[in-house]
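Let's take a walk through this model together. Keep the viewer open as you read, and turn it as each part comes up.

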Amino acid sequence: MVLATVFIAGTTLCAKALGTDTLGTSLHPLQISQGRFVFAFFGLLSVAAVLRPKISNPNLRLHISRTICGATGVTLMFAAVAFIPLSDATAISFLNPVFGMLLAIPFLGEKVGPWRWAAAAIAFVGALILLRPGPDTFQVAAMLALGAAFTMGLELIFIKKLADREPPLQILLINNALGCVLMSIAAAAYWAPPTLAQWGALAALGLMMASAQTCFINAMARADASYVTPFSYLTLIFASLYDWAIFKSVPDWISVLGACIIVSGAALLAWREGVNRSRFRRVPTSLGGRV
């Protein structure tokens, strides 16, 4: 999971370099997203050529819905990181599981208790701080990151439904294949020839995203989500380090405060999920519980 956070922070770094003039004339966020899906797909295709998984009974409706949400989310995030520090955009993205929790109420019929509501409230307070509301300080780019967190939270609903039906590699292959087609169509009107350095950054972006997804799935397969999830917050540390090393951007005290509050809310949510799972496991099988 730690390795996954290294890759995830790396993808935002590449996106920022591509969305600014660092490696040449900035590329449109849709073109950056296209590169992310294309190179991730070819990376996963190489893995599939070795493992030869069987693609069986894919639920295309769920796959298309998940891909649309995911593609929209990453495009908004790539647009945001071109204008605000990586640490701010990354911190706002931690609202992703909070939105997923809230959306699970109408879409999955889940019940949300007081602890979950408290975690959501804490995280949203942190987001408001990072958004810097006010006529002179409000950041539109931060709203793009907030929109990314919302759409990726919706994506979690479809991922959860798919995970109950299909194997992980099949989900990743179909998602990235659909993403290639969708984003190639969307980016056609904005496509511009990348420089050699930009081609390298696009390839790195896609391959790191595929690697992050692979590491994340393997981490979830080897340990409880309640144990693994807190390590995801290291993404904020690595994003801040990358931003400082490459772009000389140092988070101000407002960014640090907002990020700490969001992470506190997300950590409370992860802790509560762990408590609920442990209680569920301790229900005796004679009473209908699971082991």
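In which helix does Asn 175 lie? Asn 175 is part of helix 8, which covers residues 168–187. Before going further with that residue, keep in mind that you're looking at a predicted model.

Now, is Asn 175 buried or exposed? Its relative accessibility is 2%, and buried means under 20%, so Asn 175 counts as buried. As for what surrounds it, set aside the neighbours within four places in sequence, and Asn 175 is in contact with Phe 37, Arg 66, Thr 67 and Gln 213.

From there, move to helix 3, which spans residues 60–81 and holds His 63. With a relative accessibility of 0%, His 63 counts as buried because the cut-off is under 20%. Again leaving out neighbours within four places in sequence, the contacts of His 63 are Pro 58, Leu 162, Glu 166, Gln 170, Ile 171, Ile 174 and Leu 178. It's also worth finding Asn 176 in the viewer: 113 residues separate His 63 from Asn 176 along the chain, yet their C-alpha atoms are 9.9 Å apart.

Time to zoom out. The protein chain has 12 helices and zero strands, so to speak a run of α after α from the N terminus on. Of the 291 residues in the protein chain, 48% are buried. What about contacts that link distant parts of the sequence? Take the contacts between residues at least 6 apart in sequence: 87% of them join residues at least 24 apart. On the outside, the protein chain exposes about 14200 Å², and 70% of that comes from carbon and sulfur atoms.

Next, let's see how some of the helices pack. Start with helix 5 (residues 96–108) and helix 7 (residues 140–163), whose axes are 8 Å apart and meet at an angle of about 50°. Helix 5 and helix 7 are therefore oblique to each other, and their crossing is right-handed. On the helix 5 side, the residues that meet helix 7 are Asn 96, Pro 97, Phe 99, Gly 100, Leu 103, Ala 104, Phe 107 and Leu 108. Helix 7 answers with Leu 146, Ala 149, Phe 150, Met 152, Gly 153, Leu 154, Leu 156, Ile 157, Lys 160 and Lys 161. Sorted by class, this contact of helix 5 with helix 7 holds 13 nonpolar, three polar and two charged residues.

Helix 11 (residues 234–247) is a good place to go next. One of its packing partners is helix 4 (residues 86–93): the two pack at an angle of about 165°, with their axes 8 Å apart. Since angles over 145 degrees count as roughly antiparallel, that is how helix 4 runs relative to helix 11. This crossing is right-handed. From helix 4, Leu 86, Ser 87, Thr 90 and Ala 91 meet Thr 235, Leu 236, Ala 239, Ser 240, Tyr 242 and Asp 243 of helix 11. The tally for the contact of helix 4 with helix 11 is five nonpolar, four polar and one charged.

Helix 1 (residues 2–19) also packs on helix 11: their axes come within 8 Å and cross at roughly 40°. That angle makes helix 1 oblique to helix 11, and the crossing is right-handed. Helix 1 brings Val 2, Thr 5, Val 6, Ile 8, Ala 9, Gly 10, Leu 13, Lys 16 and Ala 17 to the contact. Across from them in helix 11 sit Leu 234, Thr 235, Phe 238, Ala 239, Tyr 242, Asp 243, Ile 246 and Phe 247. By class, the contact of helix 1 with helix 11 comes to 12 nonpolar, three polar and two charged residues.

Finally, have a look at the loop between helix 2 (29–51) and helix 3, where you'll find Arg 52. What is the phi of Arg 52? Arg 52 has a positive phi of about 50°, although it isn't a glycine. At 69% relative accessibility, Arg 52 counts as exposed. Asn 57 is found in the loop between helix 2 and helix 3 too. Asn 57 isn't a glycine either, and its phi is positive, at about 50°. With 73% relative accessibility, Asn 57 counts as exposed.

Notes:
Residues numbered from 1 in each chain as written. Predicted model: local features only at pLDDT ≥ 70, side-chain atom pairs only at ≥ 80, totals over all residues. Heavy atoms only, no water. Helix = DSSP H or I, 4+ residues; strand = E, 2+ residues; numbered from the N terminus. Buried < 20%, exposed > 50% of the residue type's maximum accessible area, 1.4 Å probe, protein only. Contact = heavy atoms within 4.5 Å. Areas by Shrake-Rupley, 256 points an atom, 1.4 Å probe, with all protein chains shown as cover. Axes fitted to C-alpha atoms, helices over the stretch in contact; angles between N-to-C directions. Parallel < 35°, antiparallel > 145°, perpendicular 65-115°, else oblique. Left-handed = near helix turned anticlockwise from the far one by under 90°. Nonpolar A, V, L, I, M, F, W, Y, C, P; charged D, E, K, R; others polar.
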